[in-house]
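Please walk through the structure shown below, beginning with a few points of its backbone and ending at its ligand.

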Amino acid sequence: MSNNFEVIIVGGGLAGLTAAIHLSKEKNRVLVIEKKTYPHHKVCGEYVSHEISPYLESLDVSLQTSKAVAIDTLTLSTATGKSVQTKLPLGGVGISRYGFDNLLYQKALKNKVQFVFETVKNIHFEDDAFEVLTENEQKYEARIVIGAYGKRSSIDKQLKREFINKKSAWLGIKAHYEFPTFQKNHVALHNFKGGYGGLSKTETGAVNFCYLASYESFQKEKNVDSFNEKVVAKNPFLYEFLKNAKPMFDESLSIAQISFEQKQVVENHIIMCGDTAGLIYPLCGNGMAMAIHSAKIASENIHNFLSNKQFSRTELEQQYTRSWNATFKKRLWMGRQLQSLMMNEHLSNLALTAVTKSPALLRKLIKSTHGKPIVC
Ligand SMILES: Cc1cc2nc3c(=O)[nH]c(=O)nc-3n(C[C@H](O)[C@H](O)[C@H](O)COP(=O)(O)OP(=O)(O)OC[C@H]3O[C@@H](n4cnc5c(N)ncnc54)[C@H](O)[C@@H]3O)c2cc1C
């Protein structure tokens, strides 16, 4: 394998794999460097908004054939179990990250994307080109590097990104469960003191339970079983779930230090995609759609740069930043407001009382954090 590419993508999650499929479809030479082999489980709510379905179809990736579960209804409850149900304006599907990332990986292989399974430790830009160095001291070169390595990485330290030095108050926990009575077409968002968790079915029939919790509340209990029992199960819906559902993983997966701070979309000429560019609070249920959508915007601009000498690197970076902000900035802001509301016991009770009386208001709030289906 030659070590010289038009595009190197660091991180093969949803954003990285989508960009790889898009750019290889346009006949660019693409390398993905990913630290883990496929398939693998990831901490994620596993509800994907339909916003990205038409775009994925245009890349010849069908969520329907992957047996993803159609979801059209949301149940929302407060920590004390006050609840409301509504039809989702756009709806989506339930699919495990084990299945989804692997589906995209298989498609990327078909498109002749090359893969290296290593951890990237350094990205260097000089003389209008990049050199990417892995932990095994392998070097790869490219005209463009996409940073799609997720929420945080040692690369962020190397790039001296501002958010990396700020302490993050959140951690995420996830596992699959056998719970046959869970309604297939539902996604549920249940609150508890210091966090909230989502429940939805995946293509395997398993129910995914994934939650975001603050360190402040978690550290008092120290382990997942005790936290589930003493804090999470205070919500009556989650009490019923945890009492009756059978865990399918030996241990829950967890990630720490989840940062929702604002980030730069282009950093030292690296085009950042997905969570590497910015992460929305999970209660919005559209981080995956945003990751895939950002890969589309990046790929279109990168293809333009690679095929059109009149479109300079500066224009590429400015255009991508403008489009990214126009598409996602308002949603991220709205996500922050809803997160603050949900984390305040008194206000979330008031808000839920309001949306119980007017499910139309709830649908309006959901719409404000989601995009329309991407027209291709
Ligand atoms: C608790 C929680 C629940 C969520 N629930 C939902 C939900 O229900 N619906 C939804 O739409 N979104 C949800 N999200 C958001 C969603 O998970 C993310 O937005 C999405 O995974 C972003 O994809 P990505 O490709 O940017 O990053 P990732 O999927 O994290 O991919 C990054 C990849 O980079 C690799 N990598 C990292 N560092 C390196 C390195 N140095 N070298 C090589 N490879 C590297 C990693 O192994 C990984 O495969 C949730 C998030 C959290 C925290």
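A residue is called buried when its relative accessible area is under 20%, exposed when that area is over 50%, and partly exposed in between, with a 1.4 Å probe and protein chains only. The model is a predicted one, in which local features need pLDDT of at least 70 and side-chain atom pairs count only at pLDDT 80 or more, while totals for chains, interfaces and linings use all residues. Residues are numbered from 1 along each chain as its sequence is written, and side-chain values use heavy atoms, with hydrogens and water left out.

Two points of the backbone can be found in the loop between strand S2 (30-34) and strand S3 (47-49), where Pro39 and Glu46 are placed; helices (H or I, at least four residues) and strands (E, at least two) are DSSP runs numbered from the N terminus. The peptide bond that joins Tyr38 and Pro39 is cis, with omega at about -10°. Glu46, a residue other than glycine, has a positive phi near 65°, and Glu46 is buried, with a relative accessible area of 0%.

Lys67, also other than glycine, has a positive phi near 65° and belongs to the loop between helix H2 (53-58) and strand S4 (69-77). Is Lys67 buried or exposed? With a relative accessibility of 63%, Lys67 counts as exposed.

Turning to the ligand, one finds 34 residues around it, the closest being Glu34, Gly45, Tyr47, Arg97 and Asp275, where a residue is near if one of its heavy atoms lies within 4 Å. By class, this shell holds 16 nonpolar, ten polar and eight charged residues; Ala, Val, Leu, Ile, Met, Phe, Trp, Tyr, Cys and Pro count as nonpolar, Asp, Glu, Lys and Arg as charged, and the others, Gly among them, as polar. Helix H1 (14-25), S2, strand S13 (207-214) and helix H8 (287-307) each supply at least two residues of the shell, and the largest share, three residues, comes from H8.

Individual atom pairs add detail to this picture. A polar backbone atom of Ala15 is 2.9 Å from an oxygen atom of the ligand, and a backbone N or O atom of Lys35 lies 3.2 Å from a ligand nitrogen atom. From Lys42, a polar side-chain atom lies 3.0 Å from an oxygen atom of the ligand. Taken alone, the ligand exposes 1000 Å², of which the protein buries 94%, the accessible areas coming from the Shrake-Rupley method with a 1.4 Å probe.

Methods. A polar contact is a pair of N or O atoms within 3.5 Å; within protein, one must be able to donate a hydrogen and the other to accept it, and residues adjacent in sequence count only if both atoms are side-chain atoms.
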